[in-house]
Amino acid sequence: MAELNTGDGGGKKGGGKVRSKKSNPGVDLTAMVDLAFLLITFFILTTTLSKPQSMNLALPDENKDTETPPETPAWRTLTLVLGSDDKLVWYSGRTDGPPLDGPAVSTYGKAGIRDLILSKKKGVDDRNKAEGADLEKSGITIILKPSEKSNYKNFVDILDEMAITKVKKYATVDITPEDIKMLESNNIYN
Amino acid sequence: MAKIKMAKKSTKVDMTAMCDMAFLLLSFFIMTATAKVPEALPVDTPASTNQTKLPEENLGTLSIAQGKVFYGVTGREERIKALEKMGDKYGVTFTSDEQKKFSLIDGFGVDIRQMKQLIAMKNEDRMREGTQPGIPLDSTNNQLADWIKISREVTKDMHNKDLDIAIKGDSKEEYPTVKKVLDILQKQNKNNFFLVTGLRSEDF
């Protein structure tokens, strides 16, 4: 191993395998290198574990006292009602009348609700383009209605979906009894 | 290196270089490591794809887990001032020694009337599960709203900026508790805040 020649004559037993009569004391550094690598491994692991805490999802100005402005036409809205068991119900249109589309159950994530949001968004954008309306102002509005049986992770997941699908207009609103009935009939209000 | 000419080949490998590298790497990781502070309330935050960083100062953190809410604000001066004002409001006075000890606590979850006992406890006792029952936030005793309002006033006075609020919620937390906190914030006209999450890719 690495040898440190301390320079004092004699005295110390040679650390290497060769014991020469000449005073050539060496210090075996194997142990120190071992320890150094152990400490490195320890610090690598502890720094990578503390990083995840710093990511965050910023909620935009969620003026929650505004409900869906009555001027929003039903075809531009999509309502997501969050239920229990990591499931949600979606429908397009308003509750004070038969919905335009849905209600149907879905799950979170790429395989679940994301495709639906993207297709609805595309539908609205296409129609807006055809009518010459401003895509930004008349884009799809998504209404989020978390129920008492959903958990915080569901809420964050759906906000994440908003960010991933780049939906600009969304609002969190209180759930209504009709929505609760929808959840119950689909057995996700447990 | 041994310059002794030997008939046999030396089996020794010179490890000086590796040793040097090892210590360099070690120094690097020690410098970049930030020690993780033990928290009184274990929160398992959900993951999101968003990568904005939390602000380092002027931040009030609300930790929501097990139906309890804990609160903490950055900055020792801010903590002392907020404690004083809360104490005035609820009729509890704190000695300057207690104030100093309080300024070292990152987050707490007790009624203001039990604050003196909490400050008197040692750090390990405070961090034990169940010692801190959470800040009351029911309508008759809404101390959380007061804490937030007072922290915002203190930050406004000291730095002329509005306090940022971060919500650190446990994944499994039932939505009603979160809703209560969001309502308290909304009543104070604080409509944009940060949600603390872990990181994940879009594939989920």
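Reader: Which residues of helix 2 of chain A are buried?

Author: The model is a predicted one. A residue counts as buried if 20 or more other C-beta atoms lie within 10 Å of its own. In helix 2 of chain A, the residues that are buried are A:Ile113, A:Ile117, A:Lys120 and A:Val124.

Reader: Why do these residues lie on the same side of helix 2 of chain A?

Author: An α-helix has 3.6 residues a turn, so residues three or four places apart point the same way. The buried residues of helix 2 of chain A are on the same side because the arc they cover around the axis is only 70°.

Reader: What covers the buried residues of helix 2 of chain A?

Author: The other side of this helix holds exposed residues, among them A:Lys110, A:Ser119 and A:Asp126. The cover over the buried residues includes, from chain A, strand 2 (77-82), strand 3 (87-92), strand 4 (101-107) and helix 3 (152-165).

Reader: How many Å does helix 2 of chain A reach from its first C-alpha to its last?

Author: Helix 2 of chain A spans residues 110-131, which is 22 residues. At 1.5 Å a residue, 32 Å is expected. Close to that value, the helix reaches 30 Å.

Reader: Which helix gives the most to the largest nonpolar core?

Author: The largest nonpolar core has 63 residues, and those touching the most other members are A:Leu80, A:Phe155, B:Val69, B:Tyr71, B:Leu144 and B:Val181. With six residues, the helix that gives the most to this core is helix 7 (residues 175-187) of chain B.

Note on methods
Residues numbered from 1 in each chain as written. Chains lettered and ligands numbered in written order. Predicted model: local features only at pLDDT ≥ 70, side-chain atom pairs only at ≥ 80, totals over all residues. Core = buried A, V, L, I, M, F, W, Y, C linked by C-beta atoms within 7 Å. Buried ≥ 20, exposed ≤ 12 C-beta atoms within 10 Å, placed from the backbone. Helix = DSSP H or I, 4+ residues; strand = E, 2+ residues; numbered from the N terminus. Expected span 1.5 Å × (residues − 1). Arc of directions from axis to C-beta. Contact = placed C-beta atoms within 7 Å.
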